[in-house]
Amino acid sequence: LHTLYQAMNLAYADRDFYYGDPAFPPAEPIRGLLSKDYARLRAAQLAAERNDPGVGPGDPYPFQGETNPFTELLQQRQRDAAQPARKGSRFDPRTADAEERRPGFYRGTTTVVAADREGWLVSMTPSGGWLPAVIAGKTGIGLSQRMQSFVLDASQNPYNVLEPGKRPRATLTPSLALKDGKPWLAFAVQGGDAQD
């Protein structure tokens, strides 16, 4: 379990830094992230004896024959991670307010998967319904909390900075599997990072 957790930690660190809408620059280092050699490098970084709270993104660019345009940013993140955490900077359920302690049933993502006897399949993962909802001024238009996956500070993820028309990085995974070119299985799950 510890090894699995550490592997997920490394993968999420890469995701949280490099993933964004591929239709917008800068181009994500997809070949490097999917490289077997990069995976071996990251696996060698697993902390076998203890949790590594300072785990951060790696550098997949050399594994696609390129130079990382954000090397200085990665180095700054490593320096920041080496600093001790500020007291009180972690979630503490003993001091959290009632909204933070509310059971997960009342907030977050849901999933609906259904099929009928005629072979129709549907997989939906509606998300972004947790409160407080944000209304755009006096327009009555509700803004999806899916925007919470965007960042406003490029130092957090230069590929996923909010801008018009851009799709945010998301964990939503409603899916359909095909068999012989026809819908065969619908599946999904709610639960943030558990979806991945």
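These are legends for a set of close-up views of one protein, shown as a predicted model.

**View 1. The whole chain, before we zoom in, has 5 helices and 6 strands.** Follow the sequence along and you get α-α-α-α-α-β-β-β-β-β-β. Of the 196 residues in the protein, 24% are buried. Take the contacts between residues at least 6 apart in sequence, and 55% of them join residues at least 24 apart. The views below pick out a few local spots.

**View 2. Arg42 sits in helix α3, which covers residues 36–44.** Is this arginine buried or exposed? Arg42 has a relative accessibility of 8%, and the cut-off for buried is under 20%, so Arg42 counts as buried. Its side chain goes to a backbone atom: the oxygen of Leu10, at 3.2 Å. Leu10 is also one of the residues that Arg42 touches, once residues up to four places away in sequence are set aside. The rest of that list is Ala13, Asp14, Gly56, Pro57 and Gly58.

**View 3. The second largest pocket holds about 390 Å³ of space.** Its lining runs to 17 residues. Which of them lie nearest the centre? Those are Ala7, Leu10, Ala11, Asp14 and Leu33. Two of these names, Leu10 and Asp14, also turn up among the contacts of Arg42. Helix α1 (2–18) and helix α3 each supply at least two lining residues, and the largest share, 6 residues, comes from α1. By type, the lining splits into 11 nonpolar, 1 polar and 5 charged residues.

**View 4. Asn157 is found in the loop between β4 (142–143) and β5 (175–179).** A loop residue it may be, but Asn157 has a relative accessible area of 1% and is buried. What does the side chain of Asn157 reach? One target is the backbone oxygen of Asp16, at 3.0 Å. Another is the backbone oxygen of Tyr19, at 2.9 Å. Asn157 also touches the run of residues around these two: leaving out residues up to four places away in sequence, the contacts are Arg15, Asp16, Phe17, Tyr18, Tyr19 and Val151.

**View 5. Phe17 and Tyr18 belong to an aromatic cluster together with Tyr61, Phe70 and Tyr159.** Across the whole structure, a search finds 6 aromatic pairs. In the pair made by Phe17 and Tyr18, the ring centres are 4.9 Å apart and the planes meet at 85°, so this one is edge-to-face. For edge-to-face, the angle has to be over 60 degrees. How buried are the two partners? Phe17 is buried, with a relative accessible area of 0%, and Tyr18 counts as buried at 0% too. Both residues are also contacts of Asn157 from the previous view.

**View 6. Pro69 lies in the loop between α3 and α4 (71–82).** With a relative accessible area of 53%, Pro69 is exposed. Which residues does Pro69 touch, apart from those up to four places away in sequence? The contacts are Tyr61 and Tyr159, and both of these tyrosines are members of the aromatic cluster in View 5. Pro69 can also be set against another proline, Pro26: the two are 43 residues apart along the chain, with their C-alpha atoms separated by 9.2 Å.

**View 7. Pro26 comes just after a cis peptide bond, the one from Pro25 to Pro26.** The omega angle of this bond is near 0°. Most peptide bonds are trans. As for where to look, Pro26 is in the loop between α1 and α2 (30–34). This is the proline whose C-alpha atom is 9.2 Å from that of Pro69.

**View 8. Asp180 has a positive phi, although it is not a glycine.** The phi value of Asp180 is about 55°. Most residues other than glycine have a negative phi. Where does Asp180 lie? Look in the loop between β5 and β6 (182–187). Is Asp180 buried or exposed? At 75% relative accessibility, Asp180 counts as exposed.

Notes: Residues are numbered from 1 along each chain as its sequence is written. This is a predicted model: local features need pLDDT of at least 70, side-chain atom pairs count only at pLDDT 80 or more; totals for chains, interfaces and linings use all residues. Side-chain values use heavy atoms; hydrogens and water are left out. Helices (H or I, at least four residues) and strands (E, at least two) are DSSP runs, numbered from the N terminus. Buried means under 20% relative accessible area, exposed over 50%, partly exposed in between (1.4 Å probe, protein chains only). A polar contact is a pair of N or O atoms within 3.5 Å; within protein, one must be able to donate a hydrogen and the other to accept it, and residues adjacent in sequence count only if both atoms are side-chain atoms. Contact means heavy atoms within 4.5 Å. On a 1 Å grid over the protein atoms alone, a cavity is a set of points where a 1.4 Å probe fits but cannot get out, and a pocket is an open set with protein on both sides within 12 Å along at least five of seven lines; lining residues have an atom within 4 Å of a point. Grid points are joined across faces, edges and corners, and a volume is the space filled by probe spheres set on the points. Ala, Val, Leu, Ile, Met, Phe, Trp, Tyr, Cys and Pro count as nonpolar, Asp, Glu, Lys and Arg as charged, and the others, Gly among them, as polar. Rings of Phe, Tyr and Trp (its six-membered ring) pair if their centres lie within 6.5 Å; planes under 30 degrees apart count as stacked, over 60 as edge-to-face and the rest as tilted.
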